[in-house]
Amino acid sequence: MIRVAVVDDEQLVRSGLRMILGTAPDIEVVADCGGGEAVATVRDCAPDVVLLDIRMPDVDGLTVLRALRAAPRPPAVAMLTTFDANEYLAAALRGGATGFLLKDTDPEQLVQAVRTLAAGGSVLDPGVTRAVIGGYLASEAETTAAEAVSVLTPREREVLAHLGAGLANPQIAERMGLAPSTVKDHVRAVLGKLGGLNRVQAAIVADRAGLVTAQGKQRPQDEGPGAGA
């Protein structure tokens, strides 16, 4: 069972998300609260996934995000946002958020997003993709994505392409015909070579480097020395 906590300042939003997620047999909403109670609530109920409003009046989502990510066993955190909160997105990405979802995300997509996050993947709602990517890249050094991925082996670029499509490690292992432990090692190496990025940041690099098509499929990699590395 996937344990979820919902943090939002609006009771109506919390109730709606609880109702949607409650329809999934493998998901349990173990808590919902406002920003002021978020850190203590998450500590007490130990959810696998937290859906966190990025902008709240009492305690802003970025402050809560930093506190949650500093925990010994931090949950996966997806930021809930609206179209007018773009200025917060890059900061949330740097703070360790592994997902960005609009509050009016389709119910089926929301349920699938929670499953992806619980499995170790990342999610990026198409409605905020441009804002997240643009804001993050504008705030980072002027190293191009192509330069960043040039240090990766062909196998690592293939892994990065799958990260760019939002796949979790078990899904990548299945696609590539590798053991999950091997994929975990490859992912760790990729994130390290890219400067200690998290999965969403790496997904953005993959997108900008042209490793992922518009359909979310990885682009074919050139064969050459080290292709099986």
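## N198, a core and helix 8

Student: What makes the link from the side chain of N198 to the backbone nitrogen of V200 a polar contact?

Tutor: The two sit at 3.1 Å. A polar contact is a pair of N or O atoms within 3.5 Å; within protein, one must be able to donate a hydrogen and the other to accept it, and residues adjacent in sequence count only if both atoms are side-chain atoms. So 3.1 Å falls within the cut-off. Bear in mind that this is a predicted model: local features need pLDDT of at least 70, side-chain atom pairs count only at pLDDT 80 or more, and totals for chains, interfaces and linings use all residues. Numbering runs from 1 along each chain as its sequence is written, and side-chain values use heavy atoms, leaving out hydrogens and water.

Student: Why is N198 called buried?

Tutor: Buried means under 20% relative accessible area (exposed is over 50%, partly exposed in between; 1.4 Å probe, protein chains only). N198 has 15%, so it's buried.

Student: Which residues does N198 touch?

Tutor: Leaving aside residues up to four places away in sequence, L93, G96, A97 and L191. Touching here means heavy atoms within 4.5 Å.

Student: What makes helix 8 mostly covered?

Tutor: Eight of its 11 residues are buried, including R155, E156 and H162. They pack against helix 7, helix 9, helix 10 and helix 11. Helices (H or I, at least four residues) and strands (E, at least two) are DSSP runs, numbered from the N terminus.

Student: Where does a positive phi turn up?

Tutor: At G166, just after helix 8, with about 80°.
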